[in-house]
Amino acid sequence: MTPEPANRWDEASAAQLSAVQALVYRSNLLGQDLSVTNYGGGNTSAKTFEPDPLAGEEVPVLWVKGSGGDLGSINLSGFATLYQDKLLALERRYRGVEQEDEMVDYLRLCRFGECATAPSIDTPLHAYLPFAHVDHMHPDAVIAIAASKNSQRLTQEVFEGEMGWLPWQRPGFDLGLRMRDLVRQQPNLSGIVLAGHGMFTWGETSRDCYLTTLRIIARAVRWLRRKSGAPSFGGPKFHSLSPAERPQLAGRLMPVVRGQIGANQPKVGHFSDSDAVLEFVNSERLTELAALGTSCPDHFLRTKIRPLVWPFDPERDDGTRLPEALPVLLESYRNDYRAYYQRCKGPDSPPVRDPNPVVYLVPGLGMFTFAGDKATARIAGEFYVNAINVMRGATEVDEYVGLSEKEAFNIEYWQLEQAKLSRMPKPKPLHGRIAYLTGGAGGIGRATAIRLLEEGACVVLVDRAVDALAPVRASLAERFGPDRVRGFVADVTDEAAVEASFRFTAVEYGGIDIIVSNAGLASAASVEETSLELWHRNLEVLCTGYFLVAREGFKLLKRQGLGGSMVFVGSKNGLVASAGAAAYCTAKASELHLARCLALEGAAHGIRVNTVNPDAVISGSSIWNGDWRKERALAYGIEESEIEEFYRNRSLLKQSVMPEDVAEAIYFFASERSRNSTGNVLNVDAGNAAAFTR
C-alpha cells in the first residue's frame, strides 16, 4: 500500500526564503518523495511581481518548471519565466484544439528577461489558474482514482466536493482554459483531478500549496486503505523463487534479452524484484491487466503502452527453457507494436520508434527494464511500479481503465515530445556499453574507468582491496552519477568470486561489452631467491586470474551474442626479459600468449582480444608503493627517489608514462575505433627499442 506523504516543510529553513526560493524549496521536497510524484514527473509554479528589464516597472511573472526537468533536483535555472499578462493574452490567438500545438511557439515569445529554459506543454495549465502557487503531481493513490472507470463518481466520494474533476484530455492550451472555467464555476475547490492523469492543487503561499498537496494525497491514501480488502490482482497464482534464486536466474536471462534487442542500439538493463513487482507478476490477473497498458502519460512515455509478459511457472520449470521462448515472444511484441503504429499514425506522425519492449515481467522472478542507459532503464522500472500501484488501487475500488490506444499514440508520438527528443545531446561513443574492469582501485584502473565513463559507458570496478575500492567507486559515482558505476569485491584467483562478479554485472546492467583485465602485482628476486610461493603467486594473479576472467567473460559475451572487446593490461616485461624478475616476466609473457589464443577463439563470435603493454607507470600505482620500487632501485644500483627519473631517461621519448596514457590505449581497443583489430599489442612505454614487436 502506498504510504501517506510526510510533511517535511521546515519553518526555520523556509522563513528567510523569497517567494521564488520557496518555490525551489517546495519543488525539491515534492520531487524527492516518491509517494508524491516520480522522477521527472509533475511540475510546480509561482506567480510573482518582478521589475521588467525594459520598462523598469513591476510586472506579474510566471515561474514554472521547464521542459524535461526533475523536481527533486531542480534549481532556479530549471524554471521558465514568462510574462503572465502575455500568457493570458494568448487566448485571443487560440484557434481551437486542432491547432493547439501552434500555441507552444507563442510560449517562447512570452519569455521574461533572459530566460533560457524551454517552457513545457503544461505552462498554460498553470498560467490560467488564478492562484499564486500551483502544484501538478502524479501520486499513485490519486491516479488510482483518476484511472478508474467511474473516476468522476469516486472523486466526489473521496474528496466530497473539495476536488473538481475533468475527463481525460491531452495537456495543452485547451485543458488550461477548461481548468480555469471549472474554478470559476466552483471557486471553493482546493484542486482538480484529471482523469487518467493526475492532480492539480494550489495555495496563496508555497507552504499552503505544499500542505494542500500532501493533505489531498493523504486523503486518497486513507480512503483506498479503508476500501481495500480482497486480495490484490485476484490473488497469487505463482510463488516467488527464493531471494538467492532470483538473481541467479536474472543473471542468465538478462544478457539473452539484451542480445536480442540491442543489435542496432545498445541497451542497458535494470532488474527489480521488489514486493510490489512480485505481487503483480505472481498474480492471477497479470496477463489481463498488463495488456490494458498504463494510464498516466508520464508512465507509458517511459514504459511503452504495455509490457511483455514472459510466461513461466516457477514451481514446474527451472528456467532453462525460458530463453527458447524469447525470440517468438519478441517477434510477436514487435509485430503488435508496428500494427499499433499503423492503426494510429497520422500524416504528420514521426517514424515508428524502436518496437522492442521496455518492460519484461516474469512470474516468480520479477521485472527487467531495458533502455539506452542505466538511469533511463531504472526510471522506467520505477514508473512501472507506479503503474502497478495505480492498478492495485483502481481494481480494489472499481475497474481499472488504461488510456485508449489512439490517445496513448497521440501522447507517445506527439510532435512536441519528438521535438524534446531531438534536443537531447548526441550519444557518446560508448553510450549503452557496459565495461567490467579488474584492478579497478589502482592507478591504471581508476584512470581507465574515468576514460570509459567519459565516453558514456557503465563501469563495474572489481578489486580485492575493499578499503581502496570503496572510495574510488564513491568518487566516480559522484562525478558521473551513481547509476553508471558499480563496485564488486573479488580476488581474480578465486573461481567462485569471478563467477559471482560476472553474474553481478549481468544483473546490475543486463550484460557486458568490454572486459579489461588489469589486476596485477609485481615482484623481483633472483632465481635462486624466488620461492615457490612467489612463483605461484605471480602465475595465479597474472595468468590464472586473467584466464578465469576471460573464461567467464567469454561465456557471458557468447550468451549475449553481440560480440565484444577484451583488453589485457600486460607489461613491457611480457616482451623483454628482466634480470631478477623471472616469475613476473614469465607470468606476463604467458598472459600475452593467452590473449593471442583467445583472439583466435573469439573471432568467430565477434569478440576481439588485444593487449596494452605499459612500462614504468609509477604515478598512482600501488605496486610502486611497495617492495617493487626498492627491488628495482637495487637492481639498477640507484636510490629509490631516482627511480622515476631513471625510467624516464631510459625511454626513447624521455617521457614519464602516466595512467591516463595507458587508459587512452585501453579505450582505443575497447571502442569501435579498433573494430578491425584483434590479437594485437600496443606498447605504452615512451619508447623501448627492446620491446618493439616483431
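**Contacts, surface and salt bridges of the chain**

In the predicted model, N28 is in contact with R8, L71, G72, S73 and I74, when residues up to four places away in sequence are not counted. N28 itself is located in helix α2, which spans residues 19–31. With a relative accessible area of 19%, N28 is classed as buried, because the cut-off for that class is under 20%. A separation of 26 Å is found between the C-alpha atoms of N28 and F159, two residues that are 131 residues apart along the chain.

The chain as a whole comprises 694 residues, of which 57% count as buried. Its secondary structure consists of 25 helices and 18 strands. Taken along the principal axes, the box filled by the C-alpha atoms is roughly 95 × 70 × 50 Å. Among contacts between residues at least 6 apart in sequence, 74% join residues at least 24 apart.

The surface was examined next. About 29,100 Å² of the chain is exposed, and 51% of this area is supplied by carbon and sulfur atoms. A nonpolar patch on the surface is formed by L652, L653 and F692, which together have about 330 Å² of accessible area. Of these residues, F692 is placed in the segment after β18 (681–684). F692 is partly exposed, its relative accessibility being 45%. As for charge, the chain carries 74 positive and 84 negative charges, and the mean positions of the two sets are 4 Å apart.

Salt bridges were searched for over the whole structure, and 38 were found. One of the pairs is formed by D101 and R170, whose closest N and O atoms are 3.5 Å apart. This pair links distant parts of the chain, 69 residues apart: D101 belongs to the loop between α3 (84–89) and α4 (103–109), and R170 to the loop between β5 (163–166) and α8 (173–185). Both partners fall in the partly exposed class, with relative accessible areas of 27% for D101 and 22% for R170.

A further salt bridge joins the side chains of K149 and E399, with an N to O distance of 3.9 Å. Here too distant parts of the chain are linked, since K149 lies in the loop between α6 (140–146) and α7 (151–159), while E399 lies in the loop between α15 (374–397) and α16 (405–412), 250 residues apart. K149 is exposed, at 56% relative accessibility, whereas E399 is partly exposed, at 44%.

In a third pair, the side chains of R219 and E162 meet at 2.9 Å, N to O. R219 is part of helix α9 (residues 206–227) and E162 is part of the loop between α7 and β5, so the salt bridge ties together parts that are 57 residues apart in sequence. E162 is buried, its relative accessible area being 16%. Beyond these pairs, R451, E454, E455, R479 and E664 are joined into one network by salt bridges that share partners.

Terms used. Residues numbered from 1 in each chain as written. Predicted model: local features only at pLDDT ≥ 70, side-chain atom pairs only at ≥ 80, totals over all residues. Heavy atoms only, no water. Helix = DSSP H or I, 4+ residues; strand = E, 2+ residues; numbered from the N terminus. Buried < 20%, exposed > 50% of the residue type's maximum accessible area, 1.4 Å probe, protein only. Contact = heavy atoms within 4.5 Å. Areas by Shrake-Rupley, 256 points an atom, 1.4 Å probe, with all protein chains shown as cover. Lys, Arg positive; Asp, Glu negative; His and termini not counted. Charge placed at Lys NZ, Arg CZ, Asp CG, Glu CD. Patch = residues over 30% accessible without salt bridge, like charges linked within 9 Å, V, L, I, M, F, W, Y side chains within 5 Å. Salt bridge = Lys/Arg side-chain N within 4 Å of Asp/Glu carboxyl O.
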